[in-house]
Amino acid sequence: MELEEAGSSEQSMQQSQKKETGSDTPPSDGVCTDDYKELIVQMRKSNLLFQQMSSVPLGELTMLLAISRQSERLGAVRVSGLGTAMKLSRPAVSRMLHVLEKKGYIQMKSGEEDLRYVYVFLTDKGSELLHREMTHGCRVLEKVRERMGSRCLNDYLRYCGKFQEILSEEIIKLDQQ
């Protein structure tokens, strides 16, 4: 596989650090192209691994999870709320919901009081699928935690969240320029 040829992230980082600084210490003057290349490779590897864990495409699983979380929090889930929550365009949300509806995982209904609003509900089949996927994912994550340690896993998850938050803010700033 092409990504495996990139080697382990630790080896790649050590090699790039040696090239730039002549030592194993990271460069103090900022991010280099090799850092960005490594980020791309690691994100792709993670995405592929998550996809291998799931019996449904990751985008569909994420949408089912968003529907479930919003319904727990708000009760009724509006299509427009899903787009906002997932930062997806209306056409992208609409396409995904129609696929999920066709597979029998969700049901969409127009509002009783205002027909302009469309509400989304998980079907029993969708709820069962989401439960099965979450159970399997938790079992795998527990094995990772056993090998990695609770503190390292918690730190990793916290850092990923912080990274995503900052990256999102910086992309928005760049888009506004």
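Here is a short walk through this structure, from a sheet to a helix interior, a surface patch and some charged pairs. Keep in mind as you look that the model is predicted.

Let's start with the sheet. Strands of a sheet pair through backbone hydrogen bonds, and they can do so in a parallel or an antiparallel way. Here, three strands make an open sheet, the order is β1-β3-β2, and the pairing is antiparallel. The edges are taken by β1 (77-78) and β2 (106-110), each with a single partner strand, so each has one side without a neighbour in the sheet. Look at how β2 pairs with β3 (residues 118-122): the two run antiparallel and are joined over five bridges. If you want one pair to find on screen, try K109, which stands opposite Y119 in β3.

Next, find Q70 in helix α3, which covers residues 58-74. Is Q70 buried or exposed? Its relative accessible area is 7%, and buried means under 20%, so Q70 counts as buried. Which residues does Q70 touch, once you leave aside its neighbours within four places in sequence? The contacts are G75, V77, G81, L82 and A85.

Now move to the surface. L141, V144, M148, Y156 and L157 form a nonpolar patch there, with about 430 Å² of accessible area together. Two elements, α6 (124-148) and α7 (150-176), each give two or more residues to this patch. The largest share, three residues, comes from α6. V144 sits in helix α6, and V144 is partly exposed, at 37% relative accessible area.

Finally, let's look at charges. Side chains of opposite charge can pair when their charged atoms come close. Across the whole structure, a search finds seven salt bridges. Take R151 and D155: they form a salt bridge, with their closest N and O atoms 4.0 Å apart. These two are four residues apart in helix α7, so about one helical turn separates them. D155 also meets R158 in a salt bridge, at 3.0 Å from N to O. D155 and R158 are three residues apart in α7, again about one turn of the helix. Put together, R151, D155 and R158 are linked in a network of salt bridges. As for the two arginines, R151 is exposed at 68% relative accessible area, while R158 is partly exposed at 49%.

Helix α7 has another pair to show you. E170 and K173 lie three residues apart in α7, and their salt bridge has its closest N and O atoms 3.2 Å apart. E170 is partly exposed at 36%, and K173 is partly exposed at 46%.

Conventions:
Residues are numbered from 1 along each chain as its sequence is written. This is a predicted model: local features need pLDDT of at least 70, side-chain atom pairs count only at pLDDT 80 or more; totals for chains, interfaces and linings use all residues. Side-chain values use heavy atoms; hydrogens and water are left out. Buried means under 20% relative accessible area, exposed over 50%, partly exposed in between (1.4 Å probe, protein chains only). Contact means heavy atoms within 4.5 Å. Two strands pair if DSSP finds at least two bridges between them. Patches are made of residues with over 30% relative accessible area and no salt bridge: like charges are joined within 9 Å, nonpolar side chains (Val, Leu, Ile, Met, Phe, Trp, Tyr) within 5 Å. Accessible areas come from the Shrake-Rupley method with a 1.4 Å probe; for residues, only the protein chains shown count as cover. A salt bridge is a side-chain nitrogen of Lys or Arg within 4 Å of a carboxyl oxygen of Asp or Glu.
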